[in-house]
Amino acid sequence: MWNIYQAYIDGTFVPVQGSERLEIVNPATEQVIGTVTLANRDDAKRAIDAANRAQPGLAGSTKAQRIEMLKRLEAAVLARTDQICEATIEEYGGPLARSQWVSNYASQCFASTARMLQDYVFERRLGDATVVMEPVGVAGLIAPWNSTAGSICSKLASAIAAGCASVVKPSELGPLQAQVVTEALHDAGLPAGVVNVLLGRGGDVGDEISTNPGIAKISFTGSTQTGKLIARAGLDTMKRVSLALSGKSATVILDDADLVAVLPMALNAAFMNNGQACVAGTRLLIPNVHMTQAIERLQATVTAMRVGDPRDAATAVGPLASKAQFERVQHFIRRGLAQGATLVAGGEGRPDGLDKGWFVRPTVFADVRNDMDIAREEIFGPVLSVIGYDDEDEAVAIANDSVYGLQAYVFSSQPMRALGVASRLRAGTVLVNRITPELIAPFGGVKQSGIGREFGIFGMEAFLEPKTIAIPNGLVLPRQAA
Ligand code: NAD
């Protein structure tokens with residue numbers, strides 16, 4: 001049984017002052033596997049103070065020193081890869097392949113950030129001025145439950161590269177992954193206060209981070225609803241905010257695509273991480289001329305999908321993370337039926353033979369109109385809405401008719417044609433004939449899917465601000481030590 005009751009503040013694990021206890025439940029079995037005691041506002045204030053004490057030292061560190069820190073973090077997190085994977089499966093039912101991928105990514109993002117930093121130039125000349133990219137100050141890093149290890153590590157890598165000490169608030173629903181990752185961060189032996197981690201409620205610890213004058217920057221990943229609260233809360237102290245938010249991504253299959261090859265990829269994009277992914281391609285746009293054939297294939301594939309034990313490599317869809325998630329998905333399946341969509345596979349309730357655990361039936365709806373709730377709202381479960389279109393212009397119009405714009409997918413046998421469609425889609429990322437992301441390229445959303453970008457150079461620059469120093473002609477600032 002897990003018993004998590006400490007926060008990581010000023011380089012030490014300390015018992016939290018908060019007293020609220022939550023049970024940690026394995027979603028595949030519904031068994032209680034531990035408890036977590038949540039930090040409170042006072043804990044958050046202590047963590048913010050510690051980060052502020054560490055900030056001048058980190059801001060003054062050289063590029064070489066930051067690269068060294070990133071390498072130590074990479075090694076420490078790499079050593080815990082298996083534990084992170086295990087926690088991801090145990091705590092929220094991440095399917096094996098996905099859990100392995102996220103646990104590998106947790107260390108890789110430190111390595112790729114160190115490589116990027118090597119070549120980054122913090123000073124440049126513009127006319128008479130020297131422009132210096134300076135760390136924005138102490139950062140609050142707030143993460144969602146569906147990407148605990150990845151969000152913590154990726155945000156932290158960018159913050160440290162920029163020279164920002166951090167207060168990290170993982171989701172209170174991801175305590176095991178947060179604990180394992182924090183132990184790794186501690187093992188890296190960074191100066192005290194550079195990284196602080198505490199688990200607490202959003203309305204309490206999260207709100208303290210969003211309003212405290214000791215925080216200069218918020219990097220948030222989570223729902224659009226919470227992102228709006230955080231942006232409003234940060235306004236009084238004029239915090240810089242990066243918001244990575246919800247999505248309702250469209251997958252556009254063009255009429256020249258090979259359905260046999262691309263439909264499995266489209267299904268993977270829709271059901272990745274048990275459908276609990278911000279980038280899930282949950283609106284599948286198919287040319288009406290190919291609709292009958294496509295629906296037959298989707299029905300056969302999804303009906304045969306293995307739902308069950310997330311540890312089993314043959315499992316396509318594991319349990320949802322919680323009872324609340326299970327209920328949410330049931331609600332949307334009922335909405336789809338009520339609003340007239342045609343059920344092609346799946347439906348309400350648990351799959352046959354699974355009477356315990358938050359398992360749902362992978363579901364496909366056909367005859368979906370883009371104004372139905374199942375096409376407009378982020379369901380966050382394995383529910384796919386298939387929408388027909390007649391020509392490319394209509395496909396683009398439907399794909400763009402959403403308040404969200406995080407990621408889109410285009411499939412075609414003619415790459416140049418697909419690129420033409422990609423250029424017309426309003427999304428932060430468009431993946432063409434692939435569903436794997438490029439993790440050093442900027443990632444983020446347009447419209448209500450977010451503000452700002454993460455990963456690579458753009459991710460680090462979100463923690464930097466340019467300072468202009470104009471001096472008489474001919475004089476230049478001494479270069480920053482390498
Ligand atoms: P959420 O918005 O409920 O919570 C995210 C985090 O914010 C948690 O740590 C939570 O405790 C905290 N929080 C809640 N209220 C707060 C407040 N008032 N002030 C400060 N912090 C607060 O999201 P979730 O359910 O944990 O995650 C799922 C959502 O995240 C989905 O909408 C998904 O699309 C989105 N997401 C987006 C990305 C992306 O990169 N765009 C990645 C993963 C998840």
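Where is the place of Phe380? That opens the first exercise.

This is a predicted model, in which local features need pLDDT of at least 70, side-chain atom pairs count only at pLDDT 80 or more, and totals for chains, interfaces and linings use all residues. Residues are numbered from 1 along each chain as its sequence is written, and side-chain values use heavy atoms, with hydrogens and water left out.

**Exercise 1. Place Phe380 and Asn433, then state phi and burial for each.**

Solution.
- Step 1. Phe380 is in the loop between α12 (373–376) and β17 (383–389). Helices (H or I, at least four residues) and strands (E, at least two) are DSSP runs, numbered from the N terminus.
- Step 2. Phi of Phe380 is near 65 degrees, a positive value in a residue other than glycine. Most residues other than glycine have a negative phi.
- Step 3. Phe380 has a relative accessible area of 13%, so it is buried. Buried means under 20% relative accessible area, exposed over 50%, and partly exposed in between (1.4 Å probe, protein chains only).
- Step 4. Asn433 sits in the loop between β19 and β20. Its phi is near 55 degrees, also positive in a residue other than glycine.
- Step 5. Asn433 has a relative accessible area of 30%, so it is partly exposed.

**Exercise 2. Find the aromatic pairs and classify two of them.**

Solution.
- Step 1. Apply the criterion. Rings of Phe, Tyr and Trp (its six-membered ring) pair if their centres lie within 6.5 Å; planes under 30 degrees apart are stacked, over 60 edge-to-face, the rest tilted.
- Step 2. Searching the whole structure gives 8 aromatic pairs.
- Step 3. Take Tyr8 and Phe13. Their ring centres are 4.9 Å apart and their planes at 45 degrees, so this pair is tilted. Tyr8 is buried, at 6% relative accessible area. Phe13 is partly exposed, at 21% relative accessibility.
- Step 4. Take Phe443 and Phe455. Here the centres are 5.4 Å apart and the planes at 15 degrees, so the pair is stacked.
- Step 5. Locate this second pair. Phe443 is in the loop between β19 (429–432) and β20 (450–451), and Phe455 in the loop between β20 and α15 (456–461), so the pair ties together parts 12 residues apart in sequence.
- Step 6. Check burial. Phe443 is buried at 15% relative accessibility. Phe455 is buried at 15% relative accessibility.
- Step 7. Widen the view. Phe443 and Phe455 form one aromatic cluster with Trp101 and Tyr105.

**Exercise 3. Which rings have the charged end of Lys217 or Arg350 over them?**

Solution.
- Step 1. Set the cut-offs. NZ of Lys or CZ of Arg must be within 6 Å of the ring centre and within 35 degrees of the ring normal.
- Step 2. The charged end of Lys217 sits over the ring of Phe463, 5.3 Å from its centre.
- Step 3. Arg350 lies over the face of Phe326, 5.2 Å from the ring centre.

**Exercise 4. Describe the second largest pocket.**

Solution.
- Step 1. Define the space. On a 1 Å grid over the protein atoms alone, a pocket is an open set of points with protein on both sides within 12 Å along at least five of seven lines; in a cavity a 1.4 Å probe fits but cannot get out; lining residues have an atom within 4 Å of a point.
- Step 2. The second largest pocket holds about 310 Å³. Grid points are joined across faces, edges and corners, and a volume is the space filled by probe spheres set on the points.
- Step 3. Its lining has 15 residues, and Glu23, Val25, Leu173, Ala321 and Ser322 are the closest to its centre.
- Step 4. β4 (21–26) and α3 (81–92) are the elements giving two or more residues to this lining. β4 gives the most, with 4 residues.
- Step 5. By class, the lining has 11 nonpolar, 1 polar and 3 charged residues. Ala, Val, Leu, Ile, Met, Phe, Trp, Tyr, Cys and Pro count as nonpolar, Asp, Glu, Lys and Arg as charged, and the others, Gly among them, as polar.

**Exercise 5. How many cavities of 30 Å³ or more does the whole structure have, and what lines the largest cavity?**

Solution.
- Step 1. The search finds 6 cavities of 30 Å³ or more.
- Step 2. The largest cavity has a volume of about 90 Å³.
- Step 3. It is lined by 15 residues, with Ala250, Arg283, Ala399, Arg426 and Ala427 nearest its centre.
- Step 4. α13 (392–400) and β18 (407–411) each supply at least two lining residues.
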